[in-house]
Amino acid sequence: MSVLNTYICKKAARFAQEKHKKQPRRYTGEPYFNHLVEVAVTLDWAGEDEAVVCAGFLHDTIEDTNTTFFELIDEFGIDIATLVLIFVGAFCAVIAQSEAIPDLVRYAAAAIAAGCSAVLALTRS
């Protein structure tokens, strides 16, 4: 069953579209948001849950826009924000954003060592 029409996925799509609104794809010049839709639709088609599909929409926001990890937590919660970090391997950029890192390092290290399901288990415990 598709999760693309859930509230949180629609919110992630709108957020990503706004953050990338003036950004073209490097080689094609097409709107960058098209890439994000392709990723999210592929994840949805593969049967991933809404947290993973949302992270598909959001996966380039930390690297390519002024979005911070903490903004993603505020907007989408720790599960989705952490999945975004895992998708892009950007937790080093987050370390530069804050001194309060222990939880992030623990989540990211567990996720990298054991896969995304570890993040969901840790954040729900």
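This is a short tour of a predicted model, going from the start of the chain to a pair of cysteines and then to a helix with one buried face.

**Stop one: the start of the chain**

Select Met 1, which sits in the segment before helix H1, the helix that spans residues 7-19. With a relative accessible area of 99%, Met 1 is exposed. Now add Trp 45 to the selection and draw a distance between the two C-alpha atoms: although Met 1 and Trp 45 are 44 residues apart along the chain, these atoms are separated by 8.7 Å.

**Stop two: Asp 44**

Move next to Asp 44, which belongs to helix H2, residues 32-45. Which residues does Asp 44 touch, once its neighbours within four places in sequence are left aside? Displaying the surroundings of Asp 44 shows contacts with Met 1, Ser 2, Val 3 and Leu 4, and also with Val 53.

Two of these residues deserve a closer view. The side chain of Ser 2 makes a polar contact of 2.8 Å with the side chain of Asp 44, while at Val 3 it is the backbone nitrogen that lies 2.8 Å from a polar atom of the Asp 44 side chain. Asp 44 is buried and yet has no salt bridge; to see this, select Lys 10, the nearest side chain of opposite charge, and note that Lys 10 is 13 Å away.

**Stop three: Cys 9 and Cys 54**

Select Cys 9 and Cys 54 together and show their sulfur atoms. Why is no bond assigned between the sulfur of Cys 9 and the closest cysteine sulfur, in Cys 54? The two sulfurs are 3.6 Å apart, which is too far for a bond, because a disulfide requires a pair of cysteine sulfur atoms within 2.5 Å. In keeping with this, a search of the whole structure finds 0 disulfides. Cys 9 counts as buried, at 0% relative accessibility, and Cys 54 likewise counts as buried, at 0%.

**Stop four: helix H5**

Finish with helix H5, residues 69-76, and colour its buried residues, which are Phe 69, Leu 72 and Phe 76. Turn the view until you look down the axis of H5: the buried residues fall within an arc of 55 degrees, so they line one face of the helix. An α-helix has 3.6 residues a turn, so residues three or four places apart point the same way. Then step just past the end of H5 to Gly 77, where the backbone takes a positive phi of about 90 degrees.

Key
Residues are numbered from 1 along each chain as its sequence is written. This is a predicted model: local features need pLDDT of at least 70, side-chain atom pairs count only at pLDDT 80 or more; totals for chains, interfaces and linings use all residues. Side-chain values use heavy atoms; hydrogens and water are left out. Helices (H or I, at least four residues) and strands (E, at least two) are DSSP runs, numbered from the N terminus. Buried means under 20% relative accessible area, exposed over 50%, partly exposed in between (1.4 Å probe, protein chains only). Lys and Arg count as positive and Asp and Glu as negative; His and the chain ends are not counted. A salt bridge is a side-chain nitrogen of Lys or Arg within 4 Å of a carboxyl oxygen of Asp or Glu. A polar contact is a pair of N or O atoms within 3.5 Å; within protein, one must be able to donate a hydrogen and the other to accept it, and residues adjacent in sequence count only if both atoms are side-chain atoms. Contact means heavy atoms within 4.5 Å. The arc is that of the directions from the helix axis to the C-beta atoms.
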